[in-house]
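User: Please take a close look at one part of this model, the sheet in the second chain. Explain how its strands are arranged and what surrounds them, and then set that beside the rest of the structure.

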Amino acid sequence: MIQLGSITNIYNRHYYQPIYKYHINVFPKIHLKEKHIKRKEVVVNRFPQLDTDNGIDKKRYVNLAEKKVKKLKKFVTTGIPGFDDLFKQGIPKGSAVLIAGGAGSGKTNFCLQLVAHHAAHGKKCFFMGFEESEERLISHMEDFGWDPQKLIDSGNLKIKRFLTSEIYYYNKKSGDTIEAMMTKEADPLIMELEPLAIADDIGFKPDFIVLDSLTSVSSTFKGKEQSYRFYVERLFRYFEKIGSTTFLTTETEQTPKVYSPTGVEEFLADGVIVFYNFRKENIRESAIEVLKMRGVKHKRKIVAMKITDNGIKVYPDQDVFGAMEM
Amino acid sequence: MIDKKKLEQELSKLPQDSIVLIETSAEHAFEASMASIKLLADKHDNGIIVSASRPYINLVSNYKKNDIDIKKMFILDCISKKHDAGEESDSVIFLENASSLTDISLSLGERMEIIDGKKFILIDSINTMLIHNKPDIFARFMHDILTKMRLHRIGGMLISLEETTNKDMRAEIAQLCDKIIKL
């Protein structure tokens with residue numbers, strides 16, 4: 001869900017107030033909400049006062065409403081209850097977002113919930129698992145009641161397990177592959193190749209991609225850190241090129257200070273979402289934070305999160321007392 | 001024995017959404033808690049009890065003895081979970097322990113929204129909660145809870161032991177309350 005309040009605020013601040021100033025007696029209280037601006041006719045019907053007879057330009061409102069809808073389409077939400085309220089508009093479409101956190105903090109569940117939501121709403125989603133098998137990932141989804149088989153059968157969701165030995169550069173023209181770890185970062189040949197072959201592998205252009213996890217990919221390059229950095233840079237450029245919104249998980253400490261295997265990934269990523277697992281006496285408190293998201297305003301606060309029987313739920317206004325002890 | 005008449009008189013002077021700190025001795029704490037709940041339950045439609053000192057089963061039997069309508073009560077039990085002391089129901093949830101401040105705050109917030117009618121909140125032992133939490137963190141928690149209560153216009157009581165609560169902590173909590181009653 002997109003925050004209605006924030007849209008109304010932007011609308012009011014930039015467009016509504018100047019008009020309001022001059023026509024205060026004509027329509028003293030108007031609050032344009034998302035549902036109104038999405039359907040321009042509703043704007044006019046709902047506010048009959050917006051009439052040229054009263055000196056107010058109806059077209060101006062309709063144009064502004066259309067502009068607003070266009071702008072809204074540039075953002076994506078996750079469908080995770082409470083999480084989208086951390087953003088003013090959402091995550092910019094086409095972003096590459098790191099999902100960082102310790103073991104058992106909810107990273108994979110977050111990504112599964114996200115693809116389940118979008119696949120159920122007709123978007124094409126591709127989950128690339130480097131850690132767990134397809135069966136286990138499907139079983140996790142079933143445990144939360146997301147009916148993964150239906151989503152897979154609909155053609156909107158593809159879950160595929162990759163082996164870390166399958167990390168390669170791919171030649172789109174010839175179909176040849178080169179094992180990424182065997183290459184030198186300075187090899188000019190690599191510049192011609194793709195770090196993955198997503199569209200060819202799954203037969204559709206995904207709206208959402210999950211890569212779980214970047215940590216597993218990095219382990220393939222053990223002892224060849226320079227090659228890994230180069231590969232990761234190519235990987236981010238590739239995601240940018242194909243235009244999908246991508247979520248890449250990384251394994252960190254439970255209360256992380258570094259959010260990715262080398263630290264480079266968090267600079268390359270457009271966004272970083274951090275999962276925490278604070279220890280307080282003999283219990284742990286789950287929390288989440290949007291550490292970085294290029295191009296959008298978001299809450300800069302660690303907030304409470306729970307993994308419930310129905311999936312992840314975020315509490316955007318709830319302080320995390322365990323975090324205060326750190 | 002606590003002076004129940006004094007408690008009743010003091011409470012009758014206060015608006016229903018007042019937040020009161022009850023200070024009492026260790027031997028009278030439970031009696032003070034029961035007397036407070038009885039008075040509040042008679043005046044309100046529902047009550048939410050944060051129990052850090054007695055398990056749910058024990059509270060229920062004591063409510064029955066004190067003629068308190070159990071149907072009006074919702075209990076956040078912060079001590080029974082590790083002893084596997086029962087199933088959650090419409091009248092109780094079991095939280096990990098008294099150090100789960102985030103969980104307590106979330107559950108209280110949810111119940112404030114869900115439970116209809118005029119309601120009160122009673123935290124039965126500030127001192128027990130302080131055993132499990134650092135004073136500065138606990139002070140923030142209390143501030144969070146009392147702010148939520150104020151925003152929802154919900155009154156309530158906090159039970160504290162007079163002789164053992166540290167001075168700074170007492171001052172922090174007292175300044176957030178409308179009235180302090182010593183029993």
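Analyst: What follows goes through the sheet of chain B strand by strand, then turns to the contact between the chains and to chain A.

The model is predicted, and the values below are computed from it.

The sheet in chain B is open and has seven strands, in the order β4-β3-β2-β5-β6-β1-β7, with parallel pairing. At its edges stand β4 (92–94) and β7 (179–182) of chain B. Each of these two has a single partner strand, so one side of each is left without a neighbour in the sheet. From one strand to the next, the twist averages 15°.

A good place to look inside this sheet is β6(B), which covers residues 155–161. Six of its seven residues are buried, so this strand is largely enclosed by the rest of the structure. In the order of the sheet, β6(B) stands between β5 and β1. On one side, strand β1 (residues 19–24) of chain B pairs with β6(B) in the parallel sense, over six bridges. Within that pair, Ile22(B) is found opposite Ile159(B). On the other side, strand β5 (residues 119–123) of chain B runs parallel to β6(B) and is joined to it by four bridges. Here Ile121(B) faces Gly156(B) of β6(B).

Further along the order come β2 and β3 of chain B. Strand β2 (residues 46–51) and strand β3 (residues 73–77) of chain B pair in the parallel sense, with five bridges between them. Ile48(B) stands opposite Phe74(B), a residue of β3(B). A helix packs on this part of the sheet: α3(B) touches β2, β3 and β4 of chain B. The direction of α3(B) makes about 150° with that of β3(B).

Helix α3 of chain B spans residues 56–65, and Ser61(B) lies in it. Is Ser61(B) buried or exposed? A residue counts as exposed if 12 or fewer other C-beta atoms lie within 10 Å of its own. Ser61(B) has 12 such atoms within 10 Å, so it is exposed. Its C-alpha atom is separated by 18 Å from that of Leu122(B), a residue 61 places away along the chain.

Chain B also touches chain A. The contact takes 14 residues from chain B and 13 residues from chain A. On the chain B side, α4 (101–114) and α6 (135–151) each supply at least two of the residues that touch chain A. By type, the residues on that side of chain B divide into four nonpolar, six polar and four charged.

Chain A can now be set beside this. Its secondary structure comes to eleven helices and 13 strands, and buried residues make up 41% of its 326 residues. Chain A also has an open sheet, with nine strands in the order β5-β4-β8-β9-β3-β10-β11-β12-β13. The pairing in the sheet of chain A is mixed, whereas that in the sheet of chain B is parallel. The edge strands in chain A are β5 (157–161) and β13 (311–315), each of which pairs on one side only. Neighbouring strands of the chain A sheet are turned by 20° against each other on average, direction ignored.

At one end of that order, strand β12 (residues 303–308) of chain A and β13(A) run antiparallel and are joined by five bridges. Ala304(A) stands opposite Tyr315(A) in β13(A). Ala304(A) is also among the contacts of Ala287(A), which include Tyr276(A), Phe278(A) and Ile302(A) as well.

Ala287(A) and Val115(A) touch the most other members of the largest nonpolar core, which has 123 residues. In soluble globular proteins, nonpolar side chains tend to be buried together.

At the other end of the order is β5 of chain A, where Leu157(A) has its place. Leu157(A) has 27 other C-beta atoms within 10 Å and is therefore buried. Among the residues it touches are Val115(A), Ala119(A) and Cys125(A). The C-alpha atoms of Leu157(A) and Val115(A) are separated by 7.4 Å, although the two residues are 42 apart along the chain.

One caution concerns confidence. Chain A averages a pLDDT of 78, and 71% of its residues score at least 70. Over residues 1–33 of chain A, however, the pLDDT is below 50. It also stays under 50 over residues 37–46 of chain A. Where pLDDT is low, the predicted coordinates should not be read in detail.

Definitions and conventions
Residues are numbered from 1 along each chain as its sequence is written. Chains are lettered from A and ligands numbered from 1 in the order in which they are written. This is a predicted model: local features need pLDDT of at least 70, side-chain atom pairs count only at pLDDT 80 or more; totals for chains, interfaces and linings use all residues. pLDDT is the predictor's confidence in each residue, from 0 to 100. Two residues are in contact if their C-beta atoms, placed from the backbone, lie within 7 Å. Ala, Val, Leu, Ile, Met, Phe, Trp, Tyr, Cys and Pro count as nonpolar, Asp, Glu, Lys and Arg as charged, and the others, Gly among them, as polar. A residue is buried if 20 or more other C-beta atoms lie within 10 Å of its own, exposed if 12 or fewer, and partly exposed in between; C-beta atoms are placed from the backbone. Two strands pair if DSSP finds at least two bridges between them. A nonpolar core is a set of buried Ala, Val, Leu, Ile, Met, Phe, Trp, Tyr and Cys residues joined through C-beta atoms within 7 Å. Axes are lines fitted to C-alpha atoms, for helices over the stretch in contact, and angles run from 0 to 180 degrees between N-to-C directions. Lists of a residue's contacts leave out its neighbours within four places in sequence.
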